Number of protein chains: 2
Amino acid sequence: MILLDGNLTASAIKKEIAEKVQRLIAEGKSVPHLAAVLVGENGASLTYVNAKVKACEEVGFRSTLIHKPENISGEELLEIIEQLNSDPSIDGYIVQQPLPLHISEQQILLAIDPAKDVDGFHPENVGRVALGLPGHIPATPYGIIRLLDHYGVETEGKNAIVLGRSHIVGLPMAILLQRNEYPGNCTVTIAHSRTKDIANLCRSSDIIVAAIGKPGFVTADMVKEGAVVIDVGITRLPDASKKSGFRLKGDVDFDAVAPKTSFITPVPGGVGPMTIVSLLSNTLIASAKR
Amino acid sequence: MILLDGNLTASAIKKEIAEKVQRLIAEGKSVPHLAAVLVGENGASLTYVNAKVKACEEVGFRSTLIHKPENISGEELLEIIEQLNSDPSIDGYIVQQPLPLHISEQQILLAIDPAKDVDGFHPENVGRVALGLPGHIPATPYGIIRLLDHYGVETEGKNAIVLGRSHIVGLPMAILLQRNEYPGNCTVTIAHSRTKDIANLCRSSDIIVAAIGKPGFVTADMVKEGAVVIDVGITRLPDASKKSGFRLKGDVDFDAVAPKTSFITPVPGGVGPMTIVSLLSNTLIASAKR
């Protein structure tokens with residue numbers, strides 16, 4: 001069993017990005033600039049956004065955090081989006097989800113300039129990925145693809161199953177895995193809440209990507225010997241022994257599953273850091289196109 | 001076995017569209033207008049474009065055929081696209097594929113205004129379909145979905161396999177079949193040229209959509225009793241006994257497969273007419289948004 005180490009891989013990619021930033025500075029060019037919009041005080045959202053800002057600092061990007069109170073109106077948020085779209089100093093930005101219920105995430109998403117949508121959530125970017133055209137690849141699936149690439153995991157002709165059909169992970173992940181390039185060329189099955197006999201489908205899969213947010217859902221009996229297991233789940237479970245009061249648990253029963261696999265991602269330290277580094281890569285690409 | 005009759009279903013939908021056109025006329029509103037751009041003299045392309053123009057006439061749409069010689073330059077074709085984009089009298093248009101090799105299909109596709117892209121090939125439309133947002137659904141998958149709907153074919157929780165990952169049929173078909181609505185909620189597998197043991201995967205599928213362009217590829221031994229079989233293939237095979245010199249053959253060995261199925265589409269008269277009627281529906285929607 002080989003651990004697909006997201007921290008290590010993300011560090012290597014961040015080092016490359018940092019070197020590119022140094023070259024940009026040496027050439028007198030402007031430094032990539034990522035902005036993050038955060039609404040409210042959701043603990044997980046705060047953690048994620050802070051990690052993104054910190055990652056920007058590590059590679060030498062400019063970063064701007066726009067933190068607004070929970071009661072901001074949809075119109076006010078749209079105005080911020082329009083300012084970010086028209087601000088030439090911003091290469092890319094993200095609007096951290098979830099947004100408060102009184103704001104339409106869809107309306108906000110569609111207002112983002114696809115060229116600055118470094119999360120890769122805008123339909124134009126999702127469509128570009130589907131059609132194999134240049135565009136921002138949704139950050140989490142992009143991170144997973146790069147992790148597979150970094151470790152040279154074989155994918156061609158493999159049976160892959162993606163558990164979960166979310167717009168930001170499951171569906172784009174399935175699209176990427178079936179593409180006619182490496183990593184890809186998998187025979188991909190998309191499974192979800194209506195899927196019958198998900199255990200059997202997993203057992204016949206060479207690659208399992210679990211993205212359903214159910215802690216420990218994938219158990220050892222669902223995984224065949226030598227399978228590749230990618231765990232996108234990251235649920236906070238109460239844990240009094242931790243200073244934070246919680247621990248992170250993935251969708252995979254790691255301790256029991258890991259010994260059966262050829263490659264597996266840990267939680268934390270697997271997909272999470274790769275998502276953040278992919279945001280940086282998308283921002284770098286957006287900056288180069290400016 | 002029930003035949004999924006595309007001619008009959010398309011006729012019923014065309015009748016509804018024709019009634020809507022009559023109402024638009026009665027209300028003094030403008031009639032939907034579809035334009036088709038055809039380059040060169042490819043026999044199949046001529047047939048398809050003529051069928052689309054004829055369908056427009058049947059429902060009372062305006063139609064415009066722009067037929068250009070094989071040696072038109074990419075720049076000239078782009079100028080036509082720009083004219084069509086800016087012409088307020090055109091609700092939607094298609095650029096018949098394939099284009100001559102000296103013209104970039106991708107460049108032409110990206111130049112089409114997504115709002116007028118009634119084929120549903122533009123990345124913004126593909127992405128909107130993936131994200132469940134309003135947009136033009138690629139015409140062939142849209143036609144198949146409506147055929148399943150018209151016959152009330154059960155799809156929820158079914159295992160569906162899509163053979164072929166083309167941008168205009170296979171991939172959007174897979175995306176539609178997995179969506180959380182009817183027809184959809186299938187567990188979808190996307191199979192393609194790199195897929196191993198495609199016969200076995202088909203045998204465990206409740207719904208098979210064949211879109212690979214290999215005549216007679218799906219044989220009876222690959223289909224389980226009671227399966228639903230959708231045949232998107234339409235290959236012209238030489239046939240001296242026909243006036244045209246050819247006959248149309250689908251991807252499915254119809255005579256042997258049909259008795260095992262619960263529902264099956266014929267070729268011709270299955271998916272083809274549904275594709276054309278979906279173009280009309282997309283044009284009607286585009287017209288209503290004007």
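Two strands pair if DSSP finds at least two bridges between them. Keep that in mind for this one. The model is predicted.

Start with strand S6, residues 187-191, in each chain. S6(A) and S6(B) are joined by three bridges. The two strands run antiparallel. Which residue of S6(B) does A:Ile190 stand opposite? B:Val188.

Now the wider interface. On the chain A side, 26 residues are in contact with chain B. Chain B puts in 26 residues as well. Which elements of chain A each supply at least two residues to that side? Helix H5 (123-130), helix H7 (170-178) and strand S6 (187-191). H5(A) gives the most, with seven residues.

What about the chemistry? The side of chain A that touches chain B has eleven polar residues, nine nonpolar and six charged.

Next, the two helices, inside chain A. The axes of H5(A) and H7(A) come within 9 Å. They cross at roughly 25 degrees. Angles under 35 degrees count as roughly parallel, so H5(A) is roughly parallel to H7(A).

Who makes that contact? From H5(A), we have A:Val126, A:Val129 and A:Ala130. From H7(A), we have A:Pro172, A:Ile175 and A:Leu176. By class, that is six nonpolar residues, with no polar and no charged.

So put the two surfaces side by side. The contact of H5(A) with H7(A) has no charged residues. The side of chain A that touches chain B has six. And H5(A) takes part in both: A:Val126 is one of its residues in the helix contact, and H5(A) supplies seven residues to the side that touches chain B.

Methods: Residues numbered from 1 in each chain as written. Chains lettered and ligands numbered in written order. Predicted model: local features only at pLDDT ≥ 70, side-chain atom pairs only at ≥ 80, totals over all residues. Contact = placed C-beta atoms within 7 Å. Helix = DSSP H or I, 4+ residues; strand = E, 2+ residues; numbered from the N terminus. Nonpolar A, V, L, I, M, F, W, Y, C, P; charged D, E, K, R; others polar. Axes fitted to C-alpha atoms, helices over the stretch in contact; angles between N-to-C directions. Parallel < 35°, antiparallel > 145°, perpendicular 65-115°, else oblique.
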